[in-house]
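I opened this notebook to record what I looked up in the structure. The entries follow the order of my reading.

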Amino acid sequence: MMVFAAMFSNPFSKTSFAIITGATRGYGLELAKVIAPVLCRDSVLVLTGRNQEKLDSAQKLVNSLRSSDDVIVNTVKTDLGVADDVEKFIGKCTENVDVKSFQSAVIIHNAGSLGDVTLRMDEYSSQTAISQHMDLNVSNVMFYTAEFLRLFHMSPAKCFVVNISTLCAVEPFSSCALYCTGKAARDMMFKVLAAERPDVRVVSWAPGPMPTDMMVKMTNSCDSNMGEAFRKMKSEKTYVECVDSAKKFLKLLVENSFTSGKHIDYYD
Ligand SMILES: NC(=O)c1ccc[n+]([C@@H]2O[C@H](COP(=O)([O-])OP(=O)(O)OC[C@H]3O[C@@H](n4cnc5c(N)ncnc54)[C@H](OP(=O)(O)O)[C@@H]3O)[C@@H](O)[C@H]2O)c1
């Protein structure tokens, strides 16, 4: 038991390399804000997104939360839905970095899209839109997770793979066929990874309903009950604040006693 605890201790208690995808806004930015202050010296935090201006302001904000500049915060502008960008993604994140110098390596798959919730599934008419959704949210995630693991396999770092999941991965939500299907597939992808790689710590974290751009989109659901439920949640503020969810997630990761591959919800 002692050996187990020593092997799988808090990833941020050591020099770590961490990537947060979709860190420009919403939950990803909040994750960056809670993680940055707890990183050890000589750690590297990589924030990714599609907009360099937003990345620059996220970097500035995150840097301001550290009392010293002993951690490097980098940004990588990339569209994770575009094959060319995806192929270069892990290389760009690790540019000018000695991967062998880290004791832990963490990738947080937070970037994602909701799909068009103004349509029911029987109204879908674009095969391209369906494929693009699955590329961004499933296939490309599988590809760069594999790249990340191959790269850090050559280093002494303990690897942590975090899938930002949702209740929609386990329960059907009307108007969300693309979103539910993609998230369910991701949960399974990471369960398989956990089964194949017991040396890697894997978790699917469902952060709870939060007041981000994604929630605003849900208010336009083609299912009027669903739209109304999200409008009510917004007006009555019965959602989960991003910061509370981010802090709870950080506690989960730092305690590091979860069963690898498990889907864990904010409300569990
Ligand atoms: N909000 C909720 O209630 C809720 C509930 C459960 C789970 N989640 C999950 O939490 C995660 C974050 O959601 P959120 O609510 O913060 O969403 P959000 O406000 O819509 O933010 C999405 C993030 O993903 C990035 N992104 C989107 N498409 C991208 C692409 N093609 N390439 C690269 N980055 C891209 C965005 O970056 P850009 O600045 O480049 O657009 C942004 O940083 C998602 O995985 C979501 O499924 C959210």
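**Entry 1: a strand pair.** I note at the outset that this is a predicted model. I began with Phe17 and looked for its bridge partner in E4, which is Ala105. I then took the two strands as a whole: E1 covers residues 16–20 and E4 covers residues 104–109. They run parallel and are joined by 5 bridges.

**Entry 2: a helix on the sheet.** I next looked up helix H2, residues 26–35, and found that it packs on the sheet. H2 touches E1 and E4, and also strand E2 (44–49) and strand E5 (158–164). I recorded an angle of about 160° between the direction of H2 and that of E1.

**Entry 3: the whole sheet.** In what order do the strands of the open sheet lie? I read E3-E2-E1-E4-E5-E6-E7, that is, 7 strands with parallel pairing. Strand E3 (72–77) and strand E7 (262–265) each have a single partner strand, so one side of each is left without a neighbour in the sheet. These two strands therefore stand at the edges. For the twist I noted that neighbouring strands are turned by 20° against each other on average, with direction ignored.

**Entry 4: the ligand shell.** I counted 27 residues around the ligand, and the closest are Gly22, Gly26, Arg50, Gly112 and Thr212. H2 and H7 are the elements that give two or more residues to this shell. By class I recorded 12 polar, 10 nonpolar and 5 charged residues.

**Entry 5: Asp223.** I located Asp223 in the loop between helix H7 (213–218) and helix H8 (224–236). Is Asp223 buried or partly exposed? I found 15 other C-beta atoms within 10 Å, and because a buried residue needs 20 or more and an exposed one has 12 or fewer, Asp223 is partly exposed. Leaving aside residues up to four places away in sequence, I found that Asp223 touches Ser174 and Ser175. Ser175 is 48 residues from Asp223 along the chain, yet their C-alpha atoms are separated by 6.2 Å.

**Entry 6: Arg197.** My last residue, Arg197, lies in the loop between helix H6 (177–196) and strand E6 (201–206). With 16 other C-beta atoms within 10 Å, Arg197 is also partly exposed. I looked up one C-alpha separation here: Arg197 and Leu149 are 48 residues apart along the chain, with 10.0 Å between their C-alpha atoms.

Conventions: Residues numbered from 1 in each chain as written. Predicted model: local features only at pLDDT ≥ 70, side-chain atom pairs only at ≥ 80, totals over all residues. Pairing = 2+ DSSP bridges. Helix = DSSP H or I, 4+ residues; strand = E, 2+ residues; numbered from the N terminus. Axes fitted to C-alpha atoms, helices over the stretch in contact; angles between N-to-C directions. Contact = placed C-beta atoms within 7 Å. Near = placed C-beta within 6 Å. Nonpolar A, V, L, I, M, F, W, Y, C, P; charged D, E, K, R; others polar.
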